[in-house]
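Student: I'd like to learn how to read a ligand site. Can you walk me through one?
Tutor: Sure, let's pull it up.

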Amino acid sequence: MELKIKNPATGKTITELQADTKLDVQVKLNTLRKGQKEWARKPLKARLDCIVKFGELIKENSEALAAILTEETGKPIQQSRNEINGAQNRIDHLSQYAARWLSDEVLVDSGATHEKISYEPLGVIANISAWNFPYNVGYNVFLYALVAGNSVMYKPSEYAALTGKQFEKYLHLAGVPENVFQCVIGDGSLGQTLLENNFDGYFFTGSYATGKHIAQSVAHKLVPVQLELGGKDPLFVTDDVLDIKQAAINVAEGAFYNNGQSCCAVERIYVSESIYDAFVDAFVEEVVSYKIGNPMHDATFIGPLTRGQQIEFLDKQVADAVSKGAVLKLGGQSLEEEGNYYKPTVLVDCNHDMNVMVDESFGPIIGIQKVGSDQEAIALMKDTAYGLTAAVFSTSEQRAMDILRDMDTGTVYWNCCDRVSPNVPWSGRKSSGLGSTLSSQGIRAFVQPKAYHLRVL
Ligand code: NAD
């Protein structure tokens, strides 16, 4: 079977890739199982050297790779470059910290019984991935897994399959053996095939619905399952913010970068009533300035949506909000021309009866709601099934911390948003996921401890 790769800016087919079959998956899995043993026996330094080399190759070819990413996902070219360059910090993080978190820990080395922990790879892991930031979310899993001594079957999203093939090409060129990393091509049905095979861990990035299905499907295997899922991330602008215009610029970028197709995009905004009108004006002024158009142009900030079917979903969110009293300040419809373009959309005077304040939009649309107090903001921010990130803009650190401590989310931000760093864990709570990538936790996610009790006779 062929997988058609389409350009979301034009609707035209870029190419067709041969999709992997059930048999291909079995054959590749057997190969990966053999390769993993030898890979794990290599010194950590040798595995890291391959990953560092991979990073160098990606850098050398970044312009061509950015063009591929933009062509298949519609991500504006400057944002593709940013992603490719930015993802390099995962490799730097591994170079700096992998030895610390993967080396044996000796707890007792005197007396009759010595005790230590060694960290062994899981084995062959399945990495089922998303299309919105394939470098970031891909690296978070497959690079960390490889450095820890696992072999990886990587299934890129069907919307980022060309980029997935590039990962495979450059990893092999960098010295990662073919029987240690394999990319498999296909849609959700191929993902399903991975679930039906016996991997030693499932690492997934994508929607809540698919994540839940994966966790349920593989539960009986009793292997690690990690899920990085969606969010409905709130941001609160308090009345002590001095530079409202600057705050509006930063918050708008958090909402509209990558067309809002970021798991940690700002998805709903609460504003103290005394600055509400000023904030809305500044916010709208900023969003109006965004250049929408051909994603291959350097100046474009809003390109087409990656998936055309999202347009209908966004239309419904707008209609629902307006029917319940929201005011449509900007956008609210797709562009007439070809391609999956949707106008940046700002809805104000929103409330939680509206779907746009509750369900992940994953597009260039934002709802803004007025609040009378910090307590009201806290209650609204917490009124969600998700738990990925939450943000507060305030001049008072104390005020922000009092709010952020109360959030049931894996990440909190003060005067920033839509940000990921390899130094700290990336994790979602509740419907936003299970487990952590990045940081020490994200390195240890790919190993299992073995306890040694050693008695010298
Ligand atoms: P998706 O769930 O539609 O698809 C993700 C992957 O799962 C794809 O590779 C797809 O082919 C595969 N898949 C689909 N059905 C499957 C099945 N039955 N069995 C196994 N695999 C299956 O998600 P998406 O549209 O690619 O990504 C968007 C979602 O991902 C958003 O909700 C976003 O918030 C979330 N996301 C989260 C993070 C994070 O780090 N928390 C990062 C990026 C994206």
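Student: Which helices and strands each supply at least two residues of the shell around the ligand?
Tutor: Start by matching the shell to its elements. In this predicted model, α7 (188–196), β8 (202–205) and α8 (208–218) each supply at least two residues. The largest share, four residues, comes from α7.

Student: How many residues surround the ligand, and which are the closest?
Tutor: There are 29 of them, and the closest are Glu 158, Ser 207, Thr 210, Leu 229 and Glu 360. Sorted by class, the shell has eleven nonpolar, twelve polar and six charged residues.

Student: Why does the ligand lie between the two domains?
Tutor: Check who contributes to the shell. Domain 1 (2–229 + 432–455) and domain 2 (234–414) both give residues to it, so the ligand lies between them.

Student: What is 2.6 Å from an oxygen atom of the ligand?
Tutor: For polar contacts, look at N and O atoms within 3.5 Å. Here, that 2.6 Å partner is an N or O atom in the side chain of Ser 207. In the side chain of Lys 155, an N or O atom is 3.0 Å from a ligand oxygen. Ser 129 uses a backbone N or O atom instead, 2.8 Å from an oxygen of the ligand.

Student: How much of the ligand does the protein bury?
Tutor: Taken alone, the ligand exposes 850 Å², and the protein buries 90% of that. As for where, the ligand sits in the largest pocket.

Notes
Residues numbered from 1 in each chain as written. Predicted model: local features only at pLDDT ≥ 70, side-chain atom pairs only at ≥ 80, totals over all residues. Heavy atoms only, no water. Near = heavy atom within 4 Å. Polar contact = N/O pair within 3.5 Å; in protein donor to acceptor, adjacent residues only side chain to side chain. Areas by Shrake-Rupley, 256 points an atom, 1.4 Å probe, with all protein chains shown as cover. 1 Å grid on protein atoms, 1.4 Å probe; cavity = no way out; pocket = protein on both sides within 12 Å on 5 of 7 lines; lining within 4 Å. Sits in = over half its atoms within 2 Å of the grid points. Nonpolar A, V, L, I, M, F, W, Y, C, P; charged D, E, K, R; others polar. Domains from an automatic or database assignment.
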